[in-house]
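Please open the model in a viewer and keep the sequence at hand. The tour below proceeds by selections, each followed by a description of what is found there.

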Amino acid sequence: MRKTAPLAAKARSLALNVHFKHPDLGMKEYEILSRATAFLLSVDPPMPSVDNTSPYNHLVKSQQAREDLLMKQDYSYDPAGGSPREAKDLGWLEFCPGTFRPLAHVVAASHVLSPWMWKNYYPQPWLEKITQDHVRYSVSVYDQEKKDVSKNHEPLATFGLNPYPIHHPNNMDLAVVHLKSEEGALKQMGALGVEMLHLADKEILFDKGDEVLFDGYEITADHYEAMEKMNDQFETRKETAESDDDARVFVPYNIKGNLIFASPDRFLAKTETPLPEGVCGGPVIDNNGNVCGVVEGIIPTDHEETELAGAASFIPYFRIKQFVDFAEREMLAKIVPKTLFDKVVALKDGKALHEKDKSHNIAGDQSLKEKDQGITMDRAYQEMVQSIRQTHSPEQVEAIIGTVEREQEEVLDMIEREGGDLDEIIAKVRTKTRERQREILKEMESTDIEDAQIVSDEQAATAPK
């Protein structure tokens with residue numbers, strides 16, 4: 001049975017805020033729509049670990065820093081991080097110039113970012129009016145040591161998110177969104193102790209009883225009271241939406257659990273007490289400190305199977321990996337030109353950079369090629385005829401053209417009957433033409449008819465044929 005590492009003061013999770021404003025609901029200011037947990041997932045894989053016990057560790061780090069600096073001087077864009085890998089094993093965004101790609105995904109629950117998309121969770125009629133245009137997102141960092149609800153819980157800092165979430169295509173409760181002004185935000189988050197997380201290795205297998213850590217934020221009872229007030233307010237369709245100040249409070253939360261069930265789409269773990277709802281979207285941490293899941297919810301506490309009742313449900317790491325792969329592909333397709341994107345797709349499929357696409361219609365390509373060659377040959381033939389007409393008499397031109405046409409027919413007939421190399425067939429036909437010419441000349445020399453000799457019709461009739 002695996003055990004998790006000791007709890008650390010670093011912040012693995014972020015408090016997610018979803019605000020909205022809709023004029024048709026009489027709203028004049030932005031108000032809270034939903035709150036839960038999110039976390040930072042690194043776009044780049046982790047760098048190879050350095051042996052911290054080595055007395056030369058500082059030299060290794062110094063050399064790595066120097067190499068990074070030289071790389072930035074030599075190239076206009078920062079290369080992707082992680083250890084060297086084959087092109088097909090790189091993430092989609094690792095093909096994107098550093099200026100245009102994010103360094104981190106903010107992972108969250110889809111039903112929290114866009115509750116109007118989850119009617120089975122939120123059936124309220126007024127929510128059907130809400131769209132992406134009416135909401136804005138932010139994440140907050142809280143002091144991880146302050147877990148007393150009675151104390152002031154003002155965030156240490158709050159950071160805006162771009163209002164363009166990418167949701168799981170098959171309705172898993174997963175989504176990613178991204179930080180505004182990311183470079184500065186990540187720098188400040190790092191100073192506040194926020195940790196950038198990585199997914200668990202896809203080769204790792206988990207067993208029943210393995211220990212995991214659930215991390216996130218609990219939302220106090222004031223949250224649910226405020227939500228009920230907001231629901232009542234919109235259901236009665238008041239013309240104005242003057243609600244009380246938002247009293248919902250985030251409190252850092254974590255608890256250990258043990259795996260009791262695993263399926264291709266969902267893992268279950270038993271915890272000492274059921275998870276609070278605010279933890280939805282939070283990371284599930286394995287004993288290596290990596291993300292092995294995203295919290296989805298809990299099994300109802302009154303479930304007929306007592307072993308499952310109240311168990312935490314989370315989406316496993318390999319499903320998260322598949323979704324992140326989908327999201328990054330969607331992003332890259334919007335960032336880079338289509339021709340470049342198609343090359344990346346080919347590389348990810350294991351093809352060489354300049355390898356021809358074998359999916360092309362070869363027969364169609366050959367037909368087009370033959371058509372182009374036919375047009376070129378026809379043009380050359382017409383030019384040749386025009387040139388001959390300038391230097392030969394009409395009779396001679398007619399004789400030459402007749403010979404050419406006869407040779408073409410013989411070539412085609414021989415190809416159809418015998419097949420073989422085209423150049424060899426042309427050479428055979430040309431040889432036959434030369435033989436005919438020699439026979440005609442020899443025959444003419446053997447007659448008594450001399451050049452320019454005028455003969456009668458009778459002499460012409462008796463001349464050898």
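Is A15 buried or exposed? The model is a predicted one, and in it A15 has a relative accessible area of 0%, so it counts as buried.

**First stop: A15 and its surroundings**

Select A15, which is placed in strand β1. Leaving out residues up to four places away in sequence, A15 touches A36, S138, V139, S140, Y142, Y217 and F250. Next, display the C-alpha atoms of A15 and E218: 203 residues separate them in sequence, while the distance in space is 9.3 Å.

**Second stop: the open sheet**

Colour the strands of the sheet to which β1 belongs. Seven strands form this open sheet, in the order β5-β4-β1-β2-β3-β7-β6, and their pairing is antiparallel. At the edges stand β5 and β6 (166-167); each has a single partner strand, so one side of each has no neighbour in the sheet. Within the sheet, seven bridges pair β1 with β2 in the antiparallel sense. To locate this pairing, select V18 and then S34 in β2, which stands opposite. Now add helix α3, which packs on the sheet and touches β1, β2, β3, β4 and β5. The direction of α3 makes about 155° with that of β5.

**Third stop: the nonpolar cores**

Which residues of the largest nonpolar core touch the most other members? They are L16, L40, V139, L179 and M189, in a core of 35 residues. Elements giving two or more residues to this core include β1 (14-20), β2 (31-42), β4 (135-141) and α3 (182-191). Centre the view on L16 and show its contacts beyond four places in sequence: among them are A36, A38, V112, L113, V139, L161 and F250. Then select V43, I166, I285 and V345, which are included in a second, separate core of 27 residues.

**Fourth stop: the barrel**

Move to the strands that close into a barrel. Six of them do so, in the order β8-β9-β10-β13-β12-β11, with antiparallel pairing. On average, neighbouring strands here are turned by 45° against each other, direction ignored. Select β10 (residues 267-271) and β13 (residues 312-316): these antiparallel strands are joined by three bridges. A269 can be picked out as the residue opposite A312 in β13. Add helix α5 (residues 317-335), which packs on the sheet and touches β10, β12 (291-298) and β13. The directions of α5 and β13 make an angle of about 45°.

**Fifth stop: aromatic rings**

Show the aromatic side chains; the structure has 13 aromatic pairs. One of them is the edge-to-face pair of Y217 and F250, with 5.7 Å from centre to centre and 70° between the planes. This pair links distant parts of the chain, since Y217 is in strand β8 (residues 211-219) and F250 in strand β9, 33 residues apart. Both Y217 and F250 are buried, and both are among the residues touched by A15. Next, select F206, F214, F267, F314, Y317 and F318, which together form one aromatic cluster.

**Sixth stop: salt bridges**

How many salt bridges does a search of the whole structure find? It finds four, and three are visited here.

Begin with D44 and R101, whose closest N and O atoms are 3.1 Å apart. D44 lies in the loop between β2 and α1 (57-74), and R101 in the loop between α1 and β3, so the salt bridge ties together parts 57 residues apart in sequence. Both residues, D44 and R101, are buried.

Continue to R266 and E296, a salt bridge with its closest N and O atoms 2.7 Å apart. R266 is in the loop between β9 (250-262) and β10, whereas E296 is in strand β12, 30 residues apart. R266 is partly exposed, at 33% relative accessibility. E296 has a relative accessible area of 16%, which is under the 20% limit, and therefore counts as buried.

Finish with D342 and K338, which form a salt bridge with closest N and O atoms 2.9 Å apart. Both lie in helix α6 (residues 338-348), four residues apart, or about one turn of the helix. D342 is partly exposed, with a relative accessible area of 36%, while K338 is exposed, at 60% relative accessibility.

Note on methods:
Residues are numbered from 1 along each chain as its sequence is written. This is a predicted model: local features need pLDDT of at least 70, side-chain atom pairs count only at pLDDT 80 or more; totals for chains, interfaces and linings use all residues. Side-chain values use heavy atoms; hydrogens and water are left out. Two strands pair if DSSP finds at least two bridges between them. Axes are lines fitted to C-alpha atoms, for helices over the stretch in contact, and angles run from 0 to 180 degrees between N-to-C directions. Contact means heavy atoms within 4.5 Å. A nonpolar core is a set of buried Ala, Val, Leu, Ile, Met, Phe, Trp, Tyr and Cys residues joined through side-chain atoms within 4.5 Å. Buried means under 20% relative accessible area, exposed over 50%, partly exposed in between (1.4 Å probe, protein chains only). A salt bridge is a side-chain nitrogen of Lys or Arg within 4 Å of a carboxyl oxygen of Asp or Glu. Rings of Phe, Tyr and Trp (its six-membered ring) pair if their centres lie within 6.5 Å; planes under 30 degrees apart count as stacked, over 60 as edge-to-face and the rest as tilted.
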